[in-house]
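Reader: Got a minute to go through this one with me? I'd like to start with a single contact and work outwards.

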Amino acid sequence: MSESNERPDALATRAIHGGQHHEPVTGAVMQPVFQTSTYAQTWPARHTGYEYSRTQNPTREALERCVASLEEGAEGIAFGSGLAATEAVLHLLPPGAHVICGDDVYGGTYRLFTKVMAHRNLRFTFVDLTGTPADDAIPADADLVWLESPTNPLLKVADIAAIAARCKAVGALLAVDNTFATPVFQRPLTLGADLVVHSTTKYLNGHSDVVGGVAVARTAALGERMHFIQNAVGAVCGPWDAFLVLRGIKTLAVRMARHQDNARQVVDWLVRHPEVKRVHYPMWEGDPGHAVASRQMSGFGGMISFVLDADLARAEKVCASTRLFTLAESLGGVESLIELPASMTHASVPEADRRARGIEDGLIRLSVGIEDVGDLLADLESAFAASRS
Ligand SMILES: *Cc1c(COP(=O)(O)O)cnc(C)c1O
């Protein structure tokens with residue numbers, strides 16, 4: 001890659017070339033899988049810069065540079081899962097630190113915070129960060145603010161720039177889980193966040209065949225601290241998984257455009273459907289988060305949730321009656337998925353809590369894939385019909 005272009009490469013170009021170099025020995029165009037744990041030294045402590053693969057691995061580094069480039073951050077740090085990346089961020093904090101967390105975060109994040117890290121001398125307060133929260137939502141003693149936007153499964157939107165300004169005022173770090181939006185549609189570091197975290201399991205890899213995670217730090221200094229934690233704690237992304245995610249990212253921009261086109265047509269169909277009570281999709285004009293979403297996002301992908309005007313039994317029947325939409329947890333792959341948060345991803349949230357949070361029995365979540373949208377609409381139509389009998 002020439003570094004001397006006056007014109008910076010656009011995201012779709014960086015998805016393919018960002019942080020990547022042809023392999024210098026053979027000229028291989030694709031980053032090879034460096035499946036090695038260690039590297040030969042010519043003299044004690046005289047080495048190529050690579051000593052041991054927990055510390056440095058060229059395949060993982062190519063992925064880290066690529067994601068850093070997409071998120072417009074200084075350093076990427078890749079992990080064995082999204083939750084390992086999340087845990088690594090918490091290791092930045094001193095004992096007794098106070099974490100303010102959005103109240104609608106991924107269930108695994110909630111479990112890590114409340115069942116593991118809360119016993120490690122960290123304090124967690126869960127608050128509603130939807131829209132532009134009042135200043136006192138983020139108290140002066142906050143050390144880290146953790147948020148997702150849009151959230152799961154209600155796709156609520158938080159005003160990232162406003163929250164970043166409040167974090168700066170109180171000296172707190174801001175970390176944003178950008179798994180749902182992807183850097184194609186939203187780049188939190190440019191809105192003032194300090195760290196972005198992804199489950200690469202989802203859209204970045206995009207093919208439902210890897211579990212992985214990555215964090216991106218806005219500054220080199222924070223990136224260096226994260227690399228130290230990555231090496232010291234050790235939950236690194238393996239070279240094969242790094243290779244697969246890097247390969248997946250090459251088509252990220254085209255996949256996201258297609259996810260968005262398909263999702264918009266599914267949204268149009270749902271909002272007109274007489275049996276649908278409510279539709280959540282932040283880039284739909286009727287969504288309560290639309291104003292903030294259109295300020296900070298350039299689009300949105302395939303995540304939709306909607307409330308069927310029906311009881312749990314009928315909602316379950318719809319989910320069990322699709323042919324192309326696979327009934328499964330997870331999201332962000334090329335194939336369409338359907339799930340019922342009340343019985344599946346959010347079953348561990350106590351029922352009263354779940355209802356208070358708007359996760360009704362009839363709430364269905366879709367991860368709209370990149371199949372032919374006519375086929376997807378026909379599939380939903382026939383599942384709705386089958387559930388009536
Ligand atoms: C899946 C997911 C995670 C956790 O990632 P894993 O790779 O499963 O560990 C975190 N945040 C969001 C928004 C997710 O969807």
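Reader: Okay, which residue forms a salt bridge with Asp104?

Author: That's Arg357. The closest N and O atoms of Arg357 and Asp104 are 3.1 Å apart. Keep in mind that this is a predicted model.

Reader: Where do the domains start and end?

Author: The domain assignment gives domain 1 as 11–249 and domain 2 as 253–387. Their C-alpha centres lie 26 Å apart.

Reader: And how many residues does each domain put into the contact?

Author: Domain 1 gives 32 residues and domain 2 gives 36.

Reader: What area do domain 1 and domain 2 bury between them?

Author: About 2,700 Å², with 60% of it on carbon and sulfur atoms.

Reader: Which residues in domain 1 lose the most area to domain 2?

Author: Leu154, Phe185 and Tyr203. Together those three account for 30% of what the domain 1 side buries.

Reader: Back to the polar side of things. How many salt bridges are there between domain 1 and domain 2?

Author: The count there is two. For polar contacts across the interface of domain 1 and domain 2, the rule finds 15 residue pairs, both residues being at pLDDT 80 or more.

Reader: Which elements give two or more residues to the side of domain 1 that touches domain 2?

Author: Four helices: helix 1 (11–17), helix 5 (160–170), helix 6 (182–185) and helix 8 (239–249). Helix 6 gives the most, with three residues.

Reader: How do the residues on that side of domain 1 divide into nonpolar, polar and charged?

Author: The domain 1 side that touches domain 2 has 18 nonpolar residues, 10 polar ones and four charged ones.

Reader: Switching topic: how many salt bridges does a search of the whole structure find?

Author: It finds 13. One of them joins the side chains of Arg60 and Glu64, at 3.5 Å from N to O.

Reader: Where do Arg60 and Glu64 lie?

Author: Both are in helix 2, residues 58–71. They sit four residues apart, which is about one turn of the helix.

Reader: Let's zoom out. How many helices and strands does the protein come to?

Author: There are 13 helices and 12 strands.

Reader: And why call the protein as compact as a globular protein of that length?

Author: Because its radius of gyration is 21 Å, close to the 21 Å that the globule rule gives for 389 residues.

Reader: What box do the C-alpha atoms fill?

Author: Roughly 75 × 50 × 40 Å, taken along the principal axes.

Definitions and conventions:
Residues numbered from 1 in each chain as written. Predicted model: local features only at pLDDT ≥ 70, side-chain atom pairs only at ≥ 80, totals over all residues. Heavy atoms only, no water. Domains from an automatic or database assignment. Contact = heavy atoms within 4.5 Å. Buried area = accessible area lost by both parts, 1.4 Å probe. Salt bridge = Lys/Arg side-chain N within 4 Å of Asp/Glu carboxyl O. Polar contact = N/O pair within 3.5 Å; in protein donor to acceptor, adjacent residues only side chain to side chain. Nonpolar A, V, L, I, M, F, W, Y, C, P; charged D, E, K, R; others polar. Rg over C-alpha atoms; globule rule 2.2 N^0.38 Å.
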